[in-house]
Each structure stands twice: as C-alpha cells, then as structure tokens.
Amino acid sequence: HSILANYSVFQLKRSEDLHMASMDGANCSELNFTNKTCFKISRNEFTSLFWTEVGISILAATVCLFSILMIILFKAYKKLVHRLSLYLIINALAISISTILQCIPTKYLCGYVVVTNEQLCEASGFLAQYSLWMSQLFMSWIALYLFVLGVFHHKYSSRNCEIGLLIVCLVVPLPFSIVPFIDFQNGTMYGLVFSWCWIKYTDINCHKNKEGVIEPFVLSHGPRLIVLTLNFLAILVVIVVLYRGTRKRSGRLQNQYKEAMKEVMPLLLYPIVYNIQASVALISTFYALANKTTFPLWQIQATVYPVLPLVIPLVFILHPHTLKDLKKTAKKWHPQSLRSRTHFVVSREDIGDT
C-alpha cells in the first residue's frame, strides 16, 4: 500500500487553501483542515519517499509491459509454466499502477503529506487490495502446482482445470475488496490510514477504530499469514523431495525426478521471492501498529512494497529456462530462418511445376 497516499489523515477544507499552500512561503497558520494531522514529515523525507515509490513503480510497470510484449511476440504462452508467469506479470502491472495512482494526488504542505483526491484514494485502495489478493492466490496456485508436480510427478495442465483456477483467482478477491466500501457511519472504510490509501485504521482524530483494526486482519493480514505459511511448507517439501530424489534414486526413477526438477525450476523463485517480500511488509506493518511510526520504517515499506512487481518480470526474463525457451522461439523469427523456410516452400512449388 502506498506510503505517500496516506501519510496524513486530513483533507483540505477549501480549494483556495490548496492553492495558497502550494505556493512557496504560504502562511501555514492560515490553513484550515477538516481533520487532525497524524504524522509530520520534512520536505526531504517526502521527496525520498515519493521518488522511491514512483520511480520503482514506473520502472516495474515498464518492465512488466516489456515482458508481456515479449511473451506475445515470441508466443511464449503455449506452456502452462509460461502462462502462470504471464498471469503474475499482469498482476504485478496492476500493483504498480495502483501504487502510481496513490502517489499522483500527493502534495507536501506545511510539514505534512496531503491527499487531495478522496475518490482516487478510494479507487487506488480498492485496486491495491484486489491486486494483492490476486497475487497471493496466484502464488498459492503455483505452490500447489509445484507440490503436485514435485511430489507426485503429475501435471494437471488440462485447459478446464486452468480456466477454473483462473476464475477462482479473479473472483475470490472481489468480496474481500468490496467489504471495506460497506460502512454505515462514514460511507467507506477505504481512505487515509497511517501511510497509504487502504482500509482505515484510525478515525479523523487519529484514534484507532474497531472496524479499522478488525477489517485489515480479517480481509488481508490474516489470509496472507495463512498463505505464506502454506506456501513455505509446500515449497520446502518440494525442494527436499526433489533434492533427495535426484541424489539418492537411480535409473528410471531418478530421471523422473530430474524431469520434475526441470519443470519446477522456472516457477520456484516466484513463491520464494513473494514470501520474502510479504514477510518484510507484514513485519513492518505489525511493528508500526505496536510502536511509534518512524521515517526509516516508512522508507523500508516504500522500497519493499513496489519491489515485488519489479522482481516478478525480472525473474521471468532472466531465468535460464525461460531464456532457453525464448531463444528457441526467437530462432524461428530470425531472417535467415525465415529465408530458408521460404526457399524450401518455393523449391517445392518449383518441383511441383516441373
């Protein structure tokens, strides 16, 4: 969740206040805010947080788009392994876009970061919640696939199974993302909280509210802890089984383990990277709830959160197995290969004419 989109929990009372505060040398004592501010920040700290999040997110979105273009251009979507990578990259692109959207309306005013567009804050909070839920479901899908393949040597790659799991990943996040819109007192639970646009922990006076404490744990933190634990156990079992199988088995059974290892390797890094990133994010979030928030903590979150959408496409592009498959596909696009195939077709036509 964006560090900048919600560093303070107040809104400007009048549009002229925003115009006056945006000018250098504005008299901050004349500003009227509807809500009490929660965190103070220097301009240098704001600049550091802003460009860390925006810079990493823009870079991540660019790499994601390049990866998607490369997959489409080289038709590297015929294998389930590549399609799973494609789903993750599209999801990573959505996370990057939600982070950028949260940073767009942020401004530095009188020692605070102000969010000037409440509707955009709610929309980006919804997109962040939805895309984060999708990412953990895709990671669970990959962990399940690796577990079945690595332990039982079975590929459940039927089209119906894939479509069914894809629908689950797209539909299940919806109720968990829609629930925060339902709040009979304030209209929505999406808004400014601590340091991002997401489910509000606090009210307008910076006091923790009951719904704001319960909903994040029920709708996000709790399920993520479960997913992290199950994914860790599944990946650990896969690694141990395959390692022992390739070392201690012999003959035909050992070859089965080696073939399973080749299928597993292109996807193995995804849940490992996700578990590391999500663990750091959760630890920093729990620390922020239990202790006084500090700028170094926000800097860590501003760096860790947008890094996952950057790492996902890089894992795909730079993985040796992916590079090998892409090189094979690229050879078919090489001009010399196209000329040889064209020459072959022309030669057959000449033979037919004679």
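Is Asn91 buried or exposed? The legends below take up this residue and several other sites.

**View 1. Asn91 in helix α3 of the predicted model.** Asn91, which has its place in helix α3, counts as buried because its relative accessibility is 3%, under the 20% limit for that class. Leaving aside residues up to four places away in sequence, Asn91 touches Ser131, Met134, Ser135 and Phe138.

**View 2. The whole predicted protein, as a setting for the close-ups.** The protein has 11 helices and four strands, and buried residues make up 48% of its 354 residues. Its accessible surface comes to about 18,200 Å², and carbon and sulfur atoms account for 66% of that area. Among contacts between residues at least 6 apart in sequence, 75% join residues that are at least 24 apart.

**View 3. The largest nonpolar core and the residues around Leu146.** This core holds 50 residues, of which Leu146, Leu267, Tyr270 and Ile312 touch the most other members. Two or more residues are given to this core by each of α2 (43-73), α3 (80-103), α4 (118-152), α7, α8 (251-290) and α9 (295-318), and the largest share, 12 residues, comes from α4. Not counting residues up to four places away in sequence, Leu146 touches Val151, Ile235, Val238, Val264, Leu267, Leu268 and Pro271, so that one of its contacts, Leu267, is also among the members named above for touching the most others. In soluble globular proteins, nonpolar side chains tend to be buried together.

**View 4. A second, separate nonpolar core.** This core has nine residues, among them Leu49, Tyr108, Trp298 and Ala302.

**View 5. A nonpolar patch on the surface, with Ile178.** The patch is formed by Ile163, Ile167, Leu170, Val171, Leu174, Ile178, Phe181 and Ile182, which together have about 660 Å² of accessible area. Helices α5 (159-171) and α6 each supply at least two of the patch residues, and the largest share, four residues, comes from α5. Ile178 is found in helix α6 and counts as partly exposed because its relative accessibility is 41%, a value that falls between the 20% and 50% limits.

**View 6. Glu215 in helix α7.** Glu215 has its place in helix α7 (residues 210-248), and with a relative accessible area of 13% this residue is buried. Beyond residues up to four places away in sequence, Glu215 touches Val179, Pro180, Met189, Ile199 and Ser220.

**View 7. Regions of low and high confidence in the prediction.** The protein averages a pLDDT of 75, and 67% of the residues score at least 70. Confidence is lowest in helix α1 (residues 15-21), with a mean of 44, and highest in helix α6 (residues 173-178), with a mean of 92. Over residues 32-37 the pLDDT stays under 50, although the model has 21 contacts beyond four places in sequence for this stretch. Residues 344-354 also have a pLDDT below 50, and in the model this stretch has zero contacts beyond near neighbours in sequence. Where pLDDT is low, the predicted coordinates should not be read in detail.

Key: Residues numbered from 1 in each chain as written. Predicted model: local features only at pLDDT ≥ 70, side-chain atom pairs only at ≥ 80, totals over all residues. Heavy atoms only, no water. pLDDT = per-residue confidence, 0-100. Contact = heavy atoms within 4.5 Å. Patch = residues over 30% accessible without salt bridge, like charges linked within 9 Å, V, L, I, M, F, W, Y side chains within 5 Å. Areas by Shrake-Rupley, 256 points an atom, 1.4 Å probe, with all protein chains shown as cover. Salt bridge = Lys/Arg side-chain N within 4 Å of Asp/Glu carboxyl O. Buried < 20%, exposed > 50% of the residue type's maximum accessible area, 1.4 Å probe, protein only. Core = buried A, V, L, I, M, F, W, Y, C linked by side-chain atoms within 4.5 Å.
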